[in-house]
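Got your viewer open? Let's take a walk through this one together, one selection at a time.

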Number of protein chains: 2
Amino acid sequence: MPGGTKRLPRAVREQQMLDAAVKVFAEKGFRETSMDAIAAAADISKPMLYLYHGPRTNSSPRASNREGARFIDAMTIGFDPRLRQRDQARTVIFEFLRFVDANRDSWRVLYRVATGQAAFAGLIAASRARLIEMIADLLRRGTTVERATDREFELMAVALVGAGEAVADRISEGDIDLDTAADIMVQMGWHGLAGGKRIDEHAFD
Amino acid sequence: MPGGTKRLPRAVREQQMLDAAVKVFAEKGFRETSMDAIAAAADISKPMLYLYHGPRTNSSPRASNREGARFIDAMTIGFDPRLRQRDQARTVIFEFLRFVDANRDSWRVLYRVATGQAAFAGLIAASRARLIEMIADLLRRGTTVERATDREFELMAVALVGAGEAVADRISEGDIDLDTAADIMVQMGWHGLAGGKRIDEHAFD
DNA sequence: CCGCTAACTTACTGCCTGGTAAGTTGTAGG
DNA sequence: CCTACAACTTACCAGGCAGTAAGTTAGCGG
(Lines give C-alpha, C1' and ligand atoms only; values in the text may rest on other atoms or scores of the structure.)
Protein backbone atom coordinates (compact mmCIF):
# COMPACT_ATOMS: atom_id res chain seq x y z
CA MET A 1 0.00 0.00 0.00
CA PRO A 2 1.91 3.12 1.03
CA GLY A 3 5.32 1.55 0.86
CA GLY A 4 5.14 -0.50 -2.26
CA THR A 5 4.12 1.93 -4.94
CA LYS A 6 6.48 0.44 -7.44
CA ARG A 7 6.17 1.68 -10.95
CA LEU A 8 5.39 -1.17 -13.21
CA PRO A 9 5.21 -1.26 -16.99
CA ARG A 10 1.81 -0.92 -18.46
CA ALA A 11 1.48 -4.48 -19.66
CA VAL A 12 1.80 -6.05 -16.25
CA ARG A 13 -0.41 -3.49 -14.54
CA GLU A 14 -3.09 -4.20 -17.07
CA GLN A 15 -3.02 -7.85 -16.17
CA GLN A 16 -3.01 -7.10 -12.47
CA MET A 17 -6.09 -5.02 -12.94
CA LEU A 18 -7.89 -7.74 -14.83
CA ASP A 19 -6.94 -10.24 -12.16
CA ALA A 20 -8.31 -7.99 -9.48
CA ALA A 21 -11.46 -7.35 -11.45
CA VAL A 22 -12.16 -11.02 -12.00
CA LYS A 23 -11.59 -11.76 -8.36
CA VAL A 24 -13.88 -9.05 -7.10
CA PHE A 25 -16.57 -9.77 -9.68
CA ALA A 26 -16.49 -13.40 -8.67
CA GLU A 27 -17.16 -12.71 -5.04
CA LYS A 28 -19.32 -9.61 -5.12
CA GLY A 29 -21.07 -9.80 -8.45
CA PHE A 30 -20.54 -7.54 -11.40
CA ARG A 31 -22.84 -4.66 -11.00
CA GLU A 32 -22.35 -4.39 -7.27
CA THR A 33 -18.67 -3.94 -7.72
CA SER A 34 -17.61 -0.32 -7.88
CA MET A 35 -14.66 0.92 -9.80
CA ASP A 36 -13.16 2.00 -6.52
CA ALA A 37 -13.40 -1.56 -5.28
CA ILE A 38 -11.52 -2.87 -8.29
CA ALA A 39 -8.96 -0.16 -7.92
CA ALA A 40 -8.48 -1.02 -4.27
CA ALA A 41 -8.19 -4.71 -5.02
CA ALA A 42 -5.61 -4.00 -7.67
CA ASP A 43 -3.72 -1.67 -5.35
CA ILE A 44 -3.95 1.13 -7.77
CA SER A 45 -5.82 4.39 -8.07
CA LYS A 46 -8.99 4.71 -10.02
CA PRO A 47 -7.78 6.88 -12.87
CA MET A 48 -5.39 4.14 -13.85
CA LEU A 49 -8.31 1.89 -14.60
CA TYR A 50 -9.77 4.45 -16.92
CA LEU A 51 -6.45 5.20 -18.48
CA TYR A 52 -5.68 1.60 -19.32
CA HIS A 53 -9.04 0.00 -19.78
CA GLY A 54 -11.43 2.81 -20.45
CA PRO A 55 -14.84 3.13 -18.84
CA ARG A 56 -16.52 0.26 -17.12
CA THR A 57 -18.40 -0.68 -20.23
CA ASN A 58 -15.12 -1.58 -21.89
CA SER A 59 -13.04 -2.91 -19.08
CA SER A 60 -15.37 -5.62 -17.97
CA PRO A 61 -15.93 -7.28 -21.30
CA ARG A 62 -12.19 -7.25 -21.53
CA ALA A 63 -11.91 -9.28 -18.38
CA SER A 64 -14.59 -11.65 -19.60
CA ASN A 65 -12.86 -12.10 -22.89
CA ARG A 66 -9.58 -12.97 -21.33
CA GLU A 67 -11.16 -15.53 -19.06
CA GLY A 68 -13.15 -16.93 -21.93
CA ALA A 69 -10.03 -17.39 -24.01
CA ARG A 70 -8.27 -19.19 -21.19
CA PHE A 71 -11.24 -21.40 -20.90
CA ILE A 72 -11.44 -22.35 -24.54
CA ASP A 73 -7.72 -23.04 -24.58
CA ALA A 74 -8.02 -25.39 -21.66
CA MET A 75 -10.88 -27.21 -23.29
CA THR A 76 -9.16 -27.82 -26.57
CA ILE A 77 -6.02 -29.14 -24.94
CA GLY A 78 -7.79 -32.33 -24.11
CA PHE A 79 -9.29 -32.68 -27.51
CA ASP A 80 -7.55 -35.33 -29.52
CA PRO A 81 -9.54 -36.29 -32.62
CA ARG A 82 -7.73 -39.60 -32.91
CA LEU A 83 -9.30 -40.96 -29.75
CA ARG A 84 -12.42 -43.03 -29.83
CA GLN A 85 -15.57 -41.10 -29.15
CA ARG A 86 -16.01 -42.31 -25.66
CA ASP A 87 -12.46 -41.58 -24.62
CA GLN A 88 -12.69 -38.27 -26.30
CA ALA A 89 -15.74 -37.46 -24.31
CA ARG A 90 -14.16 -38.47 -21.06
CA THR A 91 -11.06 -36.45 -21.76
CA VAL A 92 -12.98 -33.35 -22.65
CA ILE A 93 -15.18 -33.66 -19.61
CA PHE A 94 -12.25 -34.26 -17.34
CA GLU A 95 -10.27 -31.40 -18.77
CA PHE A 96 -13.25 -29.14 -18.45
CA LEU A 97 -13.78 -29.99 -14.82
CA ARG A 98 -10.10 -29.68 -14.08
CA PHE A 99 -10.06 -26.20 -15.51
CA VAL A 100 -12.98 -25.17 -13.39
CA ASP A 101 -11.34 -26.62 -10.35
CA ALA A 102 -8.15 -24.73 -11.00
CA ASN A 103 -9.82 -21.46 -11.98
CA ARG A 104 -12.80 -21.16 -9.75
CA ASP A 105 -12.99 -17.41 -9.97
CA SER A 106 -12.87 -17.47 -13.74
CA TRP A 107 -15.66 -19.98 -13.81
CA ARG A 108 -17.89 -18.14 -11.44
CA VAL A 109 -17.49 -14.79 -13.06
CA LEU A 110 -17.82 -16.14 -16.55
CA TYR A 111 -20.66 -18.54 -16.30
CA ARG A 112 -22.59 -17.48 -13.28
CA VAL A 113 -22.13 -13.83 -12.55
CA ALA A 114 -22.00 -12.62 -16.11
CA THR A 115 -24.94 -14.69 -17.24
CA GLY A 116 -27.37 -12.62 -15.23
CA GLN A 117 -25.98 -9.42 -16.64
CA ALA A 118 -27.92 -8.21 -19.61
CA ALA A 119 -24.77 -6.64 -21.00
CA PHE A 120 -22.93 -9.95 -21.09
CA ALA A 121 -25.66 -12.42 -21.67
CA GLY A 122 -24.97 -12.29 -25.38
CA LEU A 123 -21.26 -12.79 -24.99
CA ILE A 124 -21.65 -15.78 -22.74
CA ALA A 125 -24.39 -17.21 -24.86
CA ALA A 126 -22.09 -17.09 -27.85
CA SER A 127 -19.30 -18.85 -26.03
CA ARG A 128 -21.65 -21.51 -24.77
CA ALA A 129 -23.10 -21.90 -28.22
CA ARG A 130 -19.69 -22.75 -29.60
CA LEU A 131 -19.22 -25.43 -27.01
CA ILE A 132 -22.66 -26.83 -27.68
CA GLU A 133 -22.01 -26.96 -31.38
CA MET A 134 -18.80 -28.80 -30.73
CA ILE A 135 -20.54 -31.39 -28.62
CA ALA A 136 -23.42 -31.69 -31.04
CA ASP A 137 -20.96 -32.49 -33.80
CA LEU A 138 -19.38 -35.11 -31.64
CA LEU A 139 -22.77 -36.65 -31.06
CA ARG A 140 -23.74 -36.60 -34.71
CA ARG A 141 -20.62 -38.43 -35.67
CA GLY A 142 -20.31 -40.67 -32.68
CA THR A 143 -23.70 -41.99 -31.83
CA THR A 144 -26.38 -43.55 -33.88
CA VAL A 145 -29.45 -42.74 -31.95
CA GLU A 146 -31.91 -43.66 -34.56
CA ARG A 147 -33.55 -41.05 -36.69
CA ALA A 148 -32.41 -38.16 -34.58
CA THR A 149 -32.63 -34.87 -36.38
CA ASP A 150 -30.03 -32.17 -36.23
CA ARG A 151 -32.22 -30.23 -33.91
CA GLU A 152 -32.50 -33.17 -31.58
CA PHE A 153 -28.77 -33.67 -31.50
CA GLU A 154 -28.38 -30.07 -30.63
CA LEU A 155 -30.84 -30.35 -27.81
CA MET A 156 -28.93 -33.29 -26.45
CA ALA A 157 -25.78 -31.24 -26.56
CA VAL A 158 -27.57 -28.49 -24.71
CA ALA A 159 -28.56 -30.93 -22.00
CA LEU A 160 -25.07 -32.35 -21.75
CA VAL A 161 -23.45 -28.97 -21.49
CA GLY A 162 -25.98 -27.99 -18.88
CA ALA A 163 -25.17 -31.07 -16.88
CA GLY A 164 -21.50 -30.29 -17.18
CA GLU A 165 -21.98 -26.78 -15.97
CA ALA A 166 -24.00 -27.92 -13.00
CA VAL A 167 -21.34 -30.37 -11.98
CA ALA A 168 -18.75 -27.70 -12.55
CA ASP A 169 -20.59 -25.46 -10.14
CA ARG A 170 -20.40 -28.14 -7.54
CA ILE A 171 -16.72 -28.46 -8.11
CA SER A 172 -16.15 -24.75 -7.99
CA GLU A 173 -17.64 -24.51 -4.56
CA GLY A 174 -17.08 -27.84 -2.91
CA ASP A 175 -14.59 -30.58 -2.59
CA ILE A 176 -15.71 -33.15 -5.08
CA ASP A 177 -13.26 -35.55 -6.54
CA LEU A 178 -12.57 -34.76 -10.16
CA ASP A 179 -12.19 -38.33 -11.29
CA THR A 180 -15.37 -39.45 -9.64
CA ALA A 181 -17.28 -36.59 -11.15
CA ALA A 182 -15.95 -37.21 -14.63
CA ASP A 183 -16.67 -40.92 -14.41
CA ILE A 184 -20.19 -40.39 -13.26
CA MET A 185 -20.86 -38.03 -16.08
CA VAL A 186 -19.49 -40.34 -18.71
CA GLN A 187 -21.34 -43.29 -17.26
CA MET A 188 -24.58 -41.37 -17.15
CA GLY A 189 -24.17 -39.92 -20.56
CA TRP A 190 -23.31 -43.15 -22.22
CA HIS A 191 -25.46 -45.72 -20.59
CA GLY A 192 -28.04 -43.73 -18.73
CA LEU A 193 -29.50 -44.39 -15.36
CA ALA A 194 -31.09 -47.64 -16.36
CA GLY A 195 -27.95 -48.88 -17.98
CA GLY A 196 -27.35 -51.36 -15.23
CA LYS A 197 -23.63 -51.12 -15.52
CA ARG A 198 -21.77 -50.66 -12.32
CA ILE A 199 -20.43 -47.27 -11.72
CA ASP A 200 -16.91 -48.24 -10.85
CA GLU A 201 -16.43 -50.28 -13.97
CA HIS A 202 -15.52 -47.17 -15.81
CA ALA A 203 -13.10 -47.31 -18.59
CA PHE A 204 -9.60 -46.21 -18.33
CA ASP A 205 -9.34 -48.47 -21.33
CA MET B 1 -51.06 6.72 -17.58
CA PRO B 2 -52.88 9.86 -16.55
CA GLY B 3 -56.32 8.41 -17.09
CA GLY B 4 -56.31 5.21 -15.16
CA THR B 5 -55.33 6.12 -11.62
CA LYS B 6 -57.88 3.87 -10.07
CA ARG B 7 -57.56 3.29 -6.37
CA LEU B 8 -57.05 -0.35 -5.79
CA PRO B 9 -56.99 -2.29 -2.54
CA ARG B 10 -53.60 -2.96 -1.14
CA ALA B 11 -53.61 -6.68 -1.83
CA VAL B 12 -53.94 -6.34 -5.58
CA ARG B 13 -51.51 -3.47 -5.85
CA GLU B 14 -48.96 -5.55 -4.03
CA GLN B 15 -49.29 -8.28 -6.60
CA GLN B 16 -49.15 -5.81 -9.47
CA MET B 17 -45.92 -4.48 -8.10
CA LEU B 18 -44.40 -7.90 -7.82
CA ASP B 19 -45.48 -8.70 -11.35
CA ALA B 20 -43.86 -5.56 -12.60
CA ALA B 21 -40.70 -6.21 -10.63
CA VAL B 22 -40.34 -9.73 -11.97
CA LYS B 23 -40.89 -8.54 -15.49
CA VAL B 24 -38.34 -5.77 -15.31
CA PHE B 25 -35.79 -7.88 -13.48
CA ALA B 26 -36.16 -10.54 -16.12
CA GLU B 27 -35.34 -8.23 -18.95
CA LYS B 28 -32.93 -5.76 -17.42
CA GLY B 29 -31.28 -7.67 -14.64
CA PHE B 30 -31.71 -7.10 -10.97
CA ARG B 31 -29.13 -4.60 -9.94
CA GLU B 32 -29.52 -2.49 -13.07
CA THR B 33 -33.17 -2.03 -12.36
CA SER B 34 -33.93 1.14 -10.47
CA MET B 35 -36.83 1.51 -8.11
CA ASP B 36 -38.16 4.19 -10.42
CA ALA B 37 -38.16 1.69 -13.24
CA ILE B 38 -40.20 -0.79 -11.23
CA ALA B 39 -42.53 1.96 -10.18
CA ALA B 40 -42.98 3.03 -13.77
CA ALA B 41 -43.60 -0.52 -14.92
CA ALA B 42 -46.18 -0.98 -12.20
CA ASP B 43 -47.83 2.31 -13.10
CA ILE B 44 -47.43 3.56 -9.62
CA SER B 45 -45.32 6.09 -7.81
CA LYS B 46 -42.17 5.16 -5.99
CA PRO B 47 -43.28 5.76 -2.41
CA MET B 48 -45.92 3.09 -2.82
CA LEU B 49 -43.20 0.55 -3.33
CA TYR B 50 -41.58 1.51 -0.09
CA LEU B 51 -44.87 1.67 1.70
CA TYR B 52 -45.95 -1.80 0.71
CA HIS B 53 -42.74 -3.69 0.26
CA GLY B 54 -40.14 -1.77 2.16
CA PRO B 55 -36.72 -0.97 0.82
CA ARG B 56 -35.23 -2.78 -2.13
CA THR B 57 -33.49 -5.27 0.09
CA ASN B 58 -36.87 -6.59 1.18
CA SER B 59 -39.00 -6.21 -1.87
CA SER B 60 -36.87 -8.21 -4.21
CA PRO B 61 -36.53 -11.33 -2.11
CA ARG B 62 -40.26 -11.11 -1.79
CA ALA B 63 -40.62 -11.31 -5.54
CA SER B 64 -38.19 -14.19 -5.69
CA ASN B 65 -40.02 -16.05 -2.99
CA ARG B 66 -43.34 -15.74 -4.69
CA GLU B 67 -41.94 -16.99 -7.97
CA GLY B 68 -40.16 -19.80 -6.20
CA ALA B 69 -43.36 -20.93 -4.54
CA ARG B 70 -45.21 -20.95 -7.84
CA PHE B 71 -42.46 -22.99 -9.27
CA ILE B 72 -42.42 -25.62 -6.56
CA ASP B 73 -46.18 -25.88 -6.77
CA ALA B 74 -46.05 -26.51 -10.48
CA MET B 75 -43.41 -29.15 -10.04
CA THR B 76 -45.24 -31.12 -7.42
CA ILE B 77 -48.45 -31.17 -9.41
CA GLY B 78 -46.96 -33.69 -11.75
CA PHE B 79 -45.58 -35.80 -8.99
CA ASP B 80 -47.62 -38.96 -8.50
CA PRO B 81 -45.82 -41.50 -6.35
CA ARG B 82 -47.93 -44.33 -7.69
CA LEU B 83 -46.45 -44.08 -11.14
CA ARG B 84 -43.54 -46.18 -12.21
CA GLN B 85 -40.23 -44.44 -11.92
CA ARG B 86 -39.80 -43.82 -15.56
CA ASP B 87 -43.25 -42.39 -16.02
CA GLN B 88 -42.77 -40.36 -12.91
CA ALA B 89 -39.61 -38.93 -14.31
CA ARG B 90 -41.20 -38.09 -17.59
CA THR B 91 -44.11 -36.40 -15.90
CA VAL B 92 -41.90 -34.33 -13.66
CA ILE B 93 -39.67 -33.31 -16.52
CA PHE B 94 -42.59 -32.44 -18.71
CA GLU B 95 -44.33 -30.48 -16.00
CA PHE B 96 -41.15 -28.64 -15.27
CA LEU B 97 -40.61 -27.65 -18.87
CA ARG B 98 -44.22 -26.69 -19.25
CA PHE B 99 -43.97 -24.37 -16.30
CA VAL B 100 -40.92 -22.70 -17.72
CA ASP B 101 -42.62 -22.32 -21.05
CA ALA B 102 -45.63 -20.70 -19.46
CA ASN B 103 -43.68 -18.49 -17.05
CA ARG B 104 -40.63 -17.42 -18.93
CA ASP B 105 -40.09 -14.31 -16.89
CA SER B 106 -40.32 -16.19 -13.64
CA TRP B 107 -37.78 -18.64 -14.87
CA ARG B 108 -35.33 -16.11 -16.11
CA VAL B 109 -35.44 -13.96 -13.05
CA LEU B 110 -35.32 -16.87 -10.66
CA TYR B 111 -32.71 -19.07 -12.15
CA ARG B 112 -30.62 -16.86 -14.30
CA VAL B 113 -30.71 -13.30 -13.13
CA ALA B 114 -30.82 -13.98 -9.41
CA THR B 115 -28.10 -16.60 -9.52
CA GLY B 116 -25.46 -14.04 -10.28
CA GLN B 117 -26.59 -11.82 -7.45
CA ALA B 118 -24.63 -12.40 -4.30
CA ALA B 119 -27.67 -11.43 -2.26
CA PHE B 120 -29.79 -14.17 -3.78
CA ALA B 121 -27.31 -16.83 -4.57
CA GLY B 122 -28.06 -18.50 -1.27
CA LEU B 123 -31.80 -18.38 -1.76
CA ILE B 124 -31.63 -19.90 -5.20
CA ALA B 125 -29.10 -22.45 -4.14
CA ALA B 126 -31.46 -23.60 -1.41
CA SER B 127 -34.36 -23.95 -3.79
CA ARG B 128 -32.24 -25.86 -6.25
CA ALA B 129 -30.92 -28.05 -3.48
CA ARG B 130 -34.44 -29.13 -2.62
CA LEU B 131 -35.08 -30.13 -6.18
CA ILE B 132 -31.81 -32.00 -6.36
CA GLU B 133 -32.54 -33.87 -3.19
CA MET B 134 -35.92 -34.85 -4.57
CA ILE B 135 -34.36 -36.22 -7.73
CA ALA B 136 -31.59 -37.93 -5.85
CA ASP B 137 -34.19 -39.76 -3.79
CA LEU B 138 -35.94 -40.81 -6.92
CA LEU B 139 -32.70 -42.18 -8.26
CA ARG B 140 -31.81 -44.01 -5.11
CA ARG B 141 -35.09 -45.81 -5.13
CA GLY B 142 -35.57 -46.21 -8.81
CA THR B 143 -32.44 -47.03 -10.68
CA THR B 144 -30.46 -50.14 -11.02
CA VAL B 145 -27.07 -48.56 -10.86
CA GLU B 146 -25.32 -50.75 -8.41
CA ARG B 147 -23.20 -49.83 -5.47
CA ALA B 148 -23.48 -46.13 -6.00
CA THR B 149 -22.92 -44.13 -2.88
CA ASP B 150 -25.24 -41.41 -1.68
CA ARG B 151 -22.79 -38.84 -2.81
CA GLU B 152 -22.72 -40.30 -6.27
CA PHE B 153 -26.47 -40.33 -6.50
CA GLU B 154 -26.50 -36.74 -5.50
CA LEU B 155 -24.00 -35.84 -8.15
CA MET B 156 -26.13 -37.56 -10.74
CA ALA B 157 -29.08 -35.54 -9.58
CA VAL B 158 -26.98 -32.41 -9.87
CA ALA B 159 -26.15 -33.30 -13.44
CA LEU B 160 -29.74 -34.08 -14.30
CA VAL B 161 -31.05 -30.88 -12.84
CA GLY B 162 -28.37 -28.99 -14.68
CA ALA B 163 -29.41 -30.61 -17.91
CA GLY B 164 -33.00 -29.75 -17.18
CA GLU B 165 -32.18 -26.16 -16.52
CA ALA B 166 -30.20 -25.87 -19.71
CA VAL B 167 -33.06 -27.25 -21.75
CA ALA B 168 -35.41 -24.99 -19.86
CA ASP B 169 -33.31 -22.03 -20.90
CA ARG B 170 -33.68 -23.05 -24.48
CA ILE B 171 -37.39 -23.28 -24.06
CA SER B 172 -37.61 -19.95 -22.30
CA GLU B 173 -36.05 -18.19 -25.25
CA GLY B 174 -36.92 -20.24 -28.28
CA ASP B 175 -39.64 -22.24 -29.83
CA ILE B 176 -38.80 -25.78 -28.95
CA ASP B 177 -41.48 -28.37 -28.78
CA LEU B 178 -42.17 -29.38 -25.22
CA ASP B 179 -42.91 -32.99 -25.97
CA THR B 180 -39.84 -33.47 -28.05
CA ALA B 181 -37.68 -31.92 -25.39
CA ALA B 182 -39.16 -34.04 -22.62
CA ASP B 183 -38.79 -37.20 -24.66
CA ILE B 184 -35.21 -36.51 -25.49
CA MET B 185 -34.37 -35.87 -21.90
CA VAL B 186 -36.01 -39.03 -20.69
CA GLN B 187 -34.41 -41.04 -23.43
CA MET B 188 -31.01 -39.62 -22.69
CA GLY B 189 -31.37 -39.97 -18.98
CA TRP B 190 -32.57 -43.51 -19.07
CA HIS B 191 -30.60 -45.14 -21.81
CA GLY B 192 -27.86 -42.69 -22.46
CA LEU B 193 -26.46 -41.69 -25.77
CA ALA B 194 -25.33 -45.17 -26.54
CA GLY B 195 -28.57 -46.80 -25.58
CA GLY B 196 -30.88 -45.48 -28.24
CA LYS B 197 -30.21 -48.19 -30.71
CA ARG B 198 -26.61 -48.90 -31.41
CA ILE B 199 -23.27 -47.37 -30.74
CA ASP B 200 -19.84 -47.33 -32.17
CA GLU B 201 -18.81 -49.64 -29.35
CA HIS B 202 -21.46 -52.03 -28.16
CA ALA B 203 -25.11 -51.93 -27.18
CA PHE B 204 -26.42 -52.94 -23.79
CA ASP B 205 -24.34 -55.53 -22.11
C1' DC C 1 -73.78 14.33 3.55
C1' DC C 2 -69.49 14.30 6.54
C1' DG C 3 -65.41 12.95 8.15
C1' DC C 4 -61.64 9.65 8.51
C1' DT C 5 -58.63 6.41 6.81
C1' DA C 6 -56.26 4.31 3.11
C1' DA C 7 -54.60 5.02 -1.40
C1' DC C 8 -51.89 7.87 -3.73
C1' DT C 9 -48.76 11.93 -5.43
C1' DT C 10 -45.16 15.59 -6.05
C1' DA C 11 -41.10 17.13 -4.76
C1' DC C 12 -37.39 17.03 -2.47
C1' DT C 13 -32.35 15.41 0.12
C1' DG C 14 -28.15 13.38 0.58
C1' DC C 15 -25.08 9.84 -0.67
C1' DC C 16 -22.71 6.98 -3.68
C1' DT C 17 -20.07 6.29 -7.63
C1' DG C 18 -18.69 6.90 -12.47
C1' DG C 19 -15.65 9.68 -14.62
C1' DT C 20 -12.00 13.45 -15.15
C1' DA C 21 -8.61 17.49 -14.59
C1' DA C 22 -4.58 18.75 -13.12
C1' DG C 23 -0.64 18.03 -10.84
C1' DT C 24 3.61 14.85 -9.02
C1' DT C 25 7.52 11.75 -9.33
C1' DG C 26 10.21 7.82 -10.84
C1' DT C 27 13.28 6.47 -14.45
C1' DA C 28 15.08 5.62 -19.22
C1' DG C 29 17.96 7.64 -22.57
C1' DG C 30 21.08 10.99 -24.00
C1' DC D 1 23.25 15.27 -14.69
C1' DC D 2 19.05 16.63 -17.07
C1' DT D 3 15.07 16.28 -19.76
C1' DA D 4 11.09 14.24 -21.19
C1' DC D 5 7.70 10.84 -21.01
C1' DA D 6 5.22 7.33 -18.70
C1' DA D 7 3.49 5.84 -14.35
C1' DC D 8 0.96 7.37 -10.87
C1' DT D 9 -1.84 10.34 -7.34
C1' DT D 10 -5.14 13.54 -4.91
C1' DA D 11 -9.04 15.91 -5.28
C1' DC D 12 -12.89 17.09 -7.26
C1' DC D 13 -17.61 17.34 -9.96
C1' DA D 14 -22.04 15.90 -11.78
C1' DG D 15 -25.73 12.73 -12.29
C1' DG D 16 -28.42 9.20 -10.68
C1' DC D 17 -30.86 6.87 -7.49
C1' DA D 18 -32.47 5.10 -2.84
C1' DG D 19 -35.28 6.59 0.40
C1' DT D 20 -38.60 10.15 2.77
C1' DA D 21 -41.60 14.16 4.22
C1' DA D 22 -45.49 16.26 3.58
C1' DG D 23 -49.43 17.02 1.35
C1' DT D 24 -53.83 15.48 -1.71
C1' DT D 25 -58.03 12.94 -3.01
C1' DA D 26 -61.23 9.07 -3.11
C1' DG D 27 -64.65 6.59 -1.27
C1' DC D 28 -66.50 3.91 2.71
C1' DG D 29 -68.88 3.77 7.38
C1' DG D 30 -71.90 6.21 9.77
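Which residues does B:Ala159 touch, leaving out those up to four places away in sequence? Select B:Ala159 and look across to chain A: the residues in contact are A:Ala163, A:Ala166, A:Val167, A:Met185 and A:Met188. Keep in mind as you click around that this is a predicted model.

**Stop 1: around B:Ala159**

You'll find B:Ala159 in helix 8 of chain B, which covers residues 150–173. Is B:Ala159 buried or exposed? It's buried, because 27 other C-beta atoms lie within 10 Å, and 20 or more is enough to count. Now add B:Val109 to your selection. B:Ala159 and B:Val109 are 50 residues apart in sequence, and their C-alpha atoms are 21 Å apart in space.

**Stop 2: all of chain A**

Next, show chain A as a cartoon. How many helices and strands does chain A have? The tally is nine helices and zero strands. Of its 205 residues, 43% count as buried. Then there are the contacts between residues at least 6 apart in sequence: in chain A, 60% of them join residues at least 24 apart.

**Stop 3: helix 1 of chain A**

Select residues 10–28 of chain A, which make up helix 1. This helix has 19 residues and reaches 26 Å from its first C-alpha to its last, close to the 27 Å expected at 1.5 Å a residue. Color its buried residues: A:Met17, A:Leu18, A:Ala20, A:Ala21, A:Val22, A:Val24, A:Phe25 and A:Ala26. What covers them? The cover includes helix 2 (35–41), helix 3, helix 4 (56–77) and helix 6 (104–113) of chain A. Just after helix 1 comes A:Gly29, with a positive phi near 90°.

**Stop 4: A:Val109**

Now jump to A:Val109, in helix 6 of chain A. A:Val109 counts as buried because it has 26 C-beta neighbours inside 10 Å. Leaving out residues up to four places away in sequence, A:Val109 touches A:Val22, A:Phe25, A:Ala26, A:Glu67 and A:Ala114. Try a distance label too: the C-alpha atoms of A:Val109 and A:Ala21 are separated by 9.7 Å, though the two residues are 88 apart along the chain.

**Stop 5: two helices that pack**

A quick tip first: two packed helices are described by the angle between their axes and the distance between the axes. Select helix 5 (residues 85–102) and helix 8 (residues 150–173) of chain A, which pack at about 35° with their axes 9 Å apart. From helix 5 of chain A, the contact uses A:Ile93, A:Phe96, A:Leu97, A:Val100 and A:Asp101. From helix 8 of chain A come A:Gly164, A:Val167, A:Ala168, A:Ile171 and A:Ser172. By class, the contact has seven nonpolar, two polar and one charged residue. The crossing of these two helices is right-handed.

**Stop 6: the DNA**

Finally, bring up the DNA. Which residues come nearest to strand D? Of the 21 around it, those are A:Arg10, A:Ser45, B:Ser34, B:Met35 and B:Pro55. The surface near strand D has nine nonpolar, three polar and nine charged residues.

Switch to strand C, which 21 residues surround; the closest are A:Ser34, A:Met35, A:Pro55, B:Arg10 and B:Ser45. The elements giving two or more residues to the surface near strand C are helix 2 and helix 3 of chain A, plus helix 1 (10–28) and helix 3 of chain B. That surface divides into nine nonpolar, three polar and nine charged residues.

Note on methods:
Residues are numbered from 1 along each chain as its sequence is written. Chains are lettered from A and ligands numbered from 1 in the order in which they are written. This is a predicted model: local features need pLDDT of at least 70, side-chain atom pairs count only at pLDDT 80 or more; totals for chains, interfaces and linings use all residues. A residue is near a molecule or strand if its C-beta atom, placed from the backbone, lies within 6 Å of it. Helices (H or I, at least four residues) and strands (E, at least two) are DSSP runs, numbered from the N terminus. Ala, Val, Leu, Ile, Met, Phe, Trp, Tyr, Cys and Pro count as nonpolar, Asp, Glu, Lys and Arg as charged, and the others, Gly among them, as polar. The expected span of a helix is 1.5 Å times one less than its number of residues. A residue is buried if 20 or more other C-beta atoms lie within 10 Å of its own, exposed if 12 or fewer, and partly exposed in between; C-beta atoms are placed from the backbone. Two residues are in contact if their C-beta atoms, placed from the backbone, lie within 7 Å. Axes are lines fitted to C-alpha atoms, for helices over the stretch in contact, and angles run from 0 to 180 degrees between N-to-C directions. A crossing is left-handed if the near helix is turned anticlockwise from the far one by less than a right angle, and right-handed if clockwise.
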